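Hello,

Here is the structure I promised to pass on. Have a look at it first, and then read on for what I found.

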Amino acid sequence: GDNSELTTGLIGYAERALGALKIPFVQAGRGGDQTIAYSNNKAWVRFALMQYCSHILLTMGTNDISGGTTLAALQTNFRAAYAAARRAGCKIIVATCPTRTTSTDNWTTTTNQTVVAAFEVGGLRDQLNTFHAAALASGEIDFLFDMNDGLTTVDNKWIVGTTDDGIHPNNAGHALKNTQFQ
């Protein structure tokens, strides 16, 4: 999925956790990526790599939401990814979609953060995360990793010290998620 590690220069939580556990992995994310790649066959490299994997981790959605993708389209696109993973015999791990905010003080307080449209409480982001929870409950996916636990407040703002851009976890945020992912 979207690769915040490539856009921020950090090694992300999944890479840290898998490396610490000495589990080999393939990182096939692309910065700015969207889920439509799974529905229009633009993810053909990922499809080809899946045959060599036992699990896939989908960490997508924030770029789609910011780009105006509807919930129905997101559901279709995620289900296309699930189907590809199942055809390859992979277990499916989905990370919930984190929040997106702007800040007038570089995220040093929650007070000066403004939640971006569609990422507000009850907005499209929350609806997508509800879809992921339902996919877990129905067996459509195997694991759901909560990207918001420890990173966001109940009103969908970043916890101070966990982001530098309002979109991606920073080094401290990735370190926290690494511990939870293991």
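A word on terms before the details: two residues are in contact when they have heavy atoms within 4.5 Å of each other. Please also keep in mind that this is a predicted model.

With that in hand, which residues does Tyr82 contact, leaving aside its neighbours within four places in sequence? They are Leu58, Ile92, Val94, Phe131, His132, Ala135, Glu140 and Ile141.

Tyr82 also belongs to the largest nonpolar core, which has 24 residues. Along with Leu58, Phe78 and Ile92, Tyr82 is among the residues with the most contacts inside that core. At least two core residues come from each of helix H3 (36–39), strand S1 (55–58), helix H6 (71–87), strand S2 (91–95) and helix H7 (124–138). H6 gives the largest share, six residues. A second core stands separate from this one; it has seven residues, including Tyr13, Ala95, Leu151 and Trp158. As background, nonpolar side chains in soluble globular proteins tend to be buried together.

His132 may interest you too. This residue sits in helix H7, and it counts as buried because its relative accessibility is 0%. Not counting residues up to four places away in sequence, His132 touches Phe78, Tyr82, Val94, Ala95, Thr96, Ile141 and Leu144.

Towards the N terminus, helix H2 (residues 13–20) has Tyr13, Ala14, Glu15 and Ala17 as its buried residues. Just after H2 comes Lys22, with a positive phi of about 60°.

Now for the protein as a whole. Its secondary structure consists of eight helices and five strands, and from the N terminus on the order is α-α-α-α-β-α-α-β-β-β-α-β-α. The radius of gyration is 16 Å, which agrees with the value near 16 Å that a compact globule of 182 residues would have. Along the principal axes, the C-alpha atoms fill a box of roughly 45 × 35 × 30 Å. Of the 182 residues, 43% are buried. If we take contacts between residues at least 6 apart in sequence, 71% of them join residues at least 24 apart.

On the surface, the protein exposes about 8600 Å², and 58% of that is supplied by carbon and sulfur atoms. As for charge, there are 13 positive and 15 negative side chains, and the centres of the two sets lie 8 Å apart.

Best wishes

Key: Residues numbered from 1 in each chain as written. Predicted model: local features only at pLDDT ≥ 70, side-chain atom pairs only at ≥ 80, totals over all residues. Heavy atoms only, no water. Core = buried A, V, L, I, M, F, W, Y, C linked by side-chain atoms within 4.5 Å. Buried < 20%, exposed > 50% of the residue type's maximum accessible area, 1.4 Å probe, protein only. Helix = DSSP H or I, 4+ residues; strand = E, 2+ residues; numbered from the N terminus. Rg over C-alpha atoms; globule rule 2.2 N^0.38 Å. Areas by Shrake-Rupley, 256 points an atom, 1.4 Å probe, with all protein chains shown as cover. Lys, Arg positive; Asp, Glu negative; His and termini not counted. Charge placed at Lys NZ, Arg CZ, Asp CG, Glu CD.
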